[in-house]
Amino acid sequence: MNKNIFVACDVSSQKEILDLISKIHNEISGIKIGLQYITQHSPEDIKALAKFNKPIFYDGKFFDIKNTLVESIKSLKDLNVSYATVHLLNGLESLKAANEAAIEINVKLLGVSVLTSFGDEDLELLGFKDQVEKQVIRLIKIADKANLYGVICSPLEIKMIKEIAPKLKCFTPGIRQDDSKNDQKRTMNAKQALEAGSDCLIIGRPITKGDPKKNIQEILSSLN
């Protein structure tokens with residue numbers, strides 16, 4: 001079974017992230033840095049993570065007008081990152097341009113459809129006419145047309161996405177090993193998500209809360 005796991009490093013300090021990765025770098029496939037980290041750190045700090053020889057996933061969730069989106073992607077050129085996220089709500093033409101810019105700097109672009117913390121009622125409150133599943137389908141088709149490398153999706157939508165757009169890689173947050181969903185709504189455990197067809201699991205608190213080394217070992221054991 002595929003055991004690609006990116007740890008979501010939702011931390012603020014450089015010491016925290018270095019300590020965390022030092023403990024588990026042999027068990028993980030990559031490092032995901034999100035807004036909590038990105039907004040507080042310099043390019044030098046981000047580049048320093050390359051010492052672990054793991055691909056770095058820059059989860060900036062870019063969402064802006066076409067020109068700003070493209071220039072934001074270009075700005076990642078010297079950060080040694082392998083993946084970056086954009087909202088699929090940017091639209092087809094902007095995503096095509098952003099993807100071309102990403103390919104030029106050897107970054108794989110991943111599209112964010114509907115956040116795993118959202119349910120049908122959240123979309124309704126925001127004025128979307130479709131429920132989550134239909135909205136995800138709509139956005140996945142756009143990601144496919146834009147030739148993105150992959151998408152960020154909840155475990156519940158993996159099978160559907162693989163049927164619609166089999167070439168897209170599915171990167172899956174919303175992994176919970178127990179019933180504590182926290183602020184997530186659409187979840188599965190790691191084994192269920194991989195069996196559903198996830199290409200890569202993105203796991204934060206189930207690894208980082210408590211003893212990371214013990215937690216990652218338990219997750220890997222659950223996959224056997």
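User: In this predicted model, in which sense do strand β3 (residues 56-62) and β4 pair, and over how many bridges?

Analyst: Strand β3 (residues 56-62) and β4 pair in the parallel sense, over three bridges. To find the register, look for residues that stand opposite one another: F62 stands opposite V86 in β4.

User: What lies between the two strands along the chain, and what is the hand of that unit?

Analyst: Helix α4 (residues 66-74) joins with β3 and β4 to make a β-α-β unit, and this unit is right-handed. The chain then crosses from β4 through helix α5 (residues 92-104) to β5, and that β-α-β crossover is right-handed as well.

User: How do β4 and strand β5 (residues 108-112) pair?

Analyst: They pair in the parallel sense over five bridges, and within that pairing Y83 stands opposite K108 in β5.

User: Why can strand β4 be described as largely enclosed?

Analyst: The general approach is to ask how many residues of a strand fall under 20% relative accessible area, the cut-off for buried. For strand β4 (residues 83-87), five of the five residues are buried, so the strand is largely enclosed by the rest of the structure. Both faces are covered, with Y83, T85 and H87 buried on one side, and A84 and V86 buried on the other.

User: How should I read burial in a helix, and which residues of helix α1 (residues 14-24) are buried?

Analyst: An α-helix has 3.6 residues a turn, so residues three or four places apart point the same way. In helix α1 the buried residues are Q14, I17, L20, I21 and I24. These residues cover an arc of only 135° around the axis, which puts them on the same side of α1. What covers them includes β1 (5-9), β2 (30-33), α2 (35-38), α3 (43-48), α10 (205-208) and α11.

User: Where is N215, and is it buried or exposed?

Analyst: N215 is placed in helix α11 (residues 212-222), and because its relative accessible area is 14%, N215 counts as buried. A polar atom of its side chain lies 2.8 Å from the backbone oxygen of K209. Leaving aside residues up to four places away in sequence, N215 touches P206, I207, K209 and G210.

User: Where is L115 found, and what is its relative accessible area?

Analyst: L115 is found in the loop between β5 and α6 (120-125), and with a relative accessible area of 30% L115 is partly exposed. The C-alpha atoms of L115 and H87 are separated by 9.8 Å, although the two residues are 28 residues apart along the chain.

Notes:
Residues are numbered from 1 along each chain as its sequence is written. This is a predicted model: local features need pLDDT of at least 70, side-chain atom pairs count only at pLDDT 80 or more; totals for chains, interfaces and linings use all residues. Side-chain values use heavy atoms; hydrogens and water are left out. Helices (H or I, at least four residues) and strands (E, at least two) are DSSP runs, numbered from the N terminus. Buried means under 20% relative accessible area, exposed over 50%, partly exposed in between (1.4 Å probe, protein chains only). A polar contact is a pair of N or O atoms within 3.5 Å; within protein, one must be able to donate a hydrogen and the other to accept it, and residues adjacent in sequence count only if both atoms are side-chain atoms. Contact means heavy atoms within 4.5 Å. Two strands pair if DSSP finds at least two bridges between them. A crossover is right-handed if, with the strands pointing away from the viewer, the path from the first strand over the helix to the second runs clockwise. The arc is that of the directions from the helix axis to the C-beta atoms.
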